[in-house]
Amino acid sequence: MDSYGCGCKNGVIVEGIFGEIYPDLSNYKTYEGEAPNYEQESLETIIKKHSEQSFNELKPIIVKSYTMINNNRMEVTVITWGASIISLKCPDKFGHSTDVVLGFDDLKSYMNPVFNPFIGCVLGRCANRIKNGCFSIKDKDYQLTKNDLNIHHLHGGTNGFGRQIWNSHIDGCSVVMSYLSEDGEEGYPGAVLATVRFKLTPDNKLEIHMRATTSKSTIINMSHGSLFNLAGHDAGEKELKKHQILLNCDRWTFADYLDPIPTGAIRGVGGTIMDLRLPRLLGEYMEKVPPGEGFDHNFCVTKNWQSGSSFVARALHMKSGRVLEVYSDQPGLQFYTGGRLLQQYSPSTFETYNDHYLQQEKVDHENINNYSNTNEEIKENGEELLISDIKPLDFITGKKGAHYKKNCAFSIQPQNYPNAVNYAHFPCAILYPGQVYCHDLTYKFGIQLANYM
């Protein structure tokens, strides 16, 4: 573990190792070009058959962590798996510091798509949803992976930016991460080089600067998926409902509550449950949003005459006094209160009996004998389970054994409008060769001693 002093002497960055990932040996080839036979040969025998260069390929890939600390006792930890924010600690009005973002204690949980439905990671290539995973650029059609209930494309796909290992280094007061997305990854055209710069400032701002370039015309819409509860990551739904939320948004992209994809219509928020231009107590509004699972909607930011980043949202937890302000240069923001936290993946996520058993064992320790005997032969062979055999998750096990349930946190994700590539009147989501995609996102933390919001 190494520490790096900031040049401005207002903070420090500590570099460490969060975990290791071993290469997939199932795709490994011998020097004769044939896949190794693990039933007849030990791993040591296989390794001895290879050159030193091949041996190096079997070494684990290190996932690094970077902890940024300023002089105000604010502390932010990011890791190179998905350029994820895994911890964000800030003091309340009594001086007590608490972690306010959802996350996990180990790399294995971050890599599990059931436990980790895009929690705390970079969202891309294209954040939010694309209808049916289809779009066209210059009369050429493209089909992306369908990872949202096997219907739509969500947050860059099954193995998007948030499920990749990023290269990283420390640059002065910042941590810089980069990732090269190959042409055709998740169905997207063009090779894309993306970079994310994290910087914790002396005045408690976490600045996230996202950039991308491409070799072919493609879609880029990057954001960050941190889930916040200003009372503490483990405070749950009860404290979430005590948050006051203000959004600097006068319109929203209308979507039917049965399908989160916008219809293309843009409606004013005035006189509706979507009007959050004045501070609203979440507990009084969440259940009124059809179908009663809270917010998961895209709002249109009210832009001023100034260029660059502008104020888009504010959240206050009155008991702790913690305040979060969000600034961005994007035209929209997705406001999400965790109603779909346990429903991001369809039952097909559970591919084998063993996977499902381990999941249930971790979540609720139920006895496997509770399952139907009609599928006993299928289970013993490790084959796919019937959908009727799958039980919904009751909670996700997070940091320090915390139980993350639906509506336990909120996320404010500035971005372009959902499915913008398929609507000509939405802001353009296409990045062309020679252009540089830019998104500057800032989370500013503070303390409010009196209730004047």
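How many nonpolar, polar and charged residues does the lining of the second largest cavity have? The points below take up this question first and then turn to confidence, strands and a pocket.

1. The structure is a predicted model, and a search of the whole of it finds two cavities of 30 Å³ or more. The second largest cavity, with a volume of about 30 Å³, has a lining of seven nonpolar and two polar residues, with no charged residues. The residues that line this cavity are C126, I130, I219, N221, N416, Y417, A420, V421 and A429.

2. On confidence, the mean pLDDT of the protein is 85, and 79% of its residues reach 70 or more. Two stretches should be read with this in mind: over residues 25–33 pLDDT stays under 50, and the model has 20 contacts for them beyond four places in sequence, while over residues 345–389 pLDDT also stays under 50, with 58 contacts beyond four places in sequence.

3. An open sheet is formed by nine strands with antiparallel pairing, and their order is β12-β13-β14-β15-β30-β24-β23-β18-β21. Because β12 (167–171) and β21 (280–281) stand at the edges and each has a single partner strand, one side of each is left without a neighbour in the sheet.

4. Within this order, strand β15 (residues 205–214) pairs with strand β30 (residues 437–447) in the antiparallel sense, over eight bridges. A reader who wishes to find this pairing in the structure may look for E207, which stands opposite T442 in β30.

5. Strand β28 (residues 411–415) is mostly covered, with five of its five residues buried. The cover extends to both faces of β28, since S411, Q413 and Q415 are buried on one side, and I412 and P414 are buried on the other. Strand β25 (residues 332–336) runs antiparallel to β28 and is joined to it by five bridges, and L333 stands opposite P414 in β28.

6. The second largest pocket, which is a separate item from the cavity in point 1, holds about 280 Å³ of space. Of the 15 residues that line this pocket, S87, K89, D99, K399 and K400 lie nearest its centre, and the elements that give two or more residues to the lining are β4 (75–79), β5 (84–91) and β6 (97–99). By class, the lining of the pocket has seven charged, five polar and three nonpolar residues, whereas the lining of the second largest cavity has no charged residues.

Notes
Residues numbered from 1 in each chain as written. Predicted model: local features only at pLDDT ≥ 70, side-chain atom pairs only at ≥ 80, totals over all residues. Heavy atoms only, no water. pLDDT = per-residue confidence, 0-100. Contact = heavy atoms within 4.5 Å. Pairing = 2+ DSSP bridges. Helix = DSSP H or I, 4+ residues; strand = E, 2+ residues; numbered from the N terminus. 1 Å grid on protein atoms, 1.4 Å probe; cavity = no way out; pocket = protein on both sides within 12 Å on 5 of 7 lines; lining within 4 Å. Points joined across faces, edges and corners; volume = space filled by probe spheres on them. Nonpolar A, V, L, I, M, F, W, Y, C, P; charged D, E, K, R; others polar. Buried < 20%, exposed > 50% of the residue type's maximum accessible area, 1.4 Å probe, protein only.
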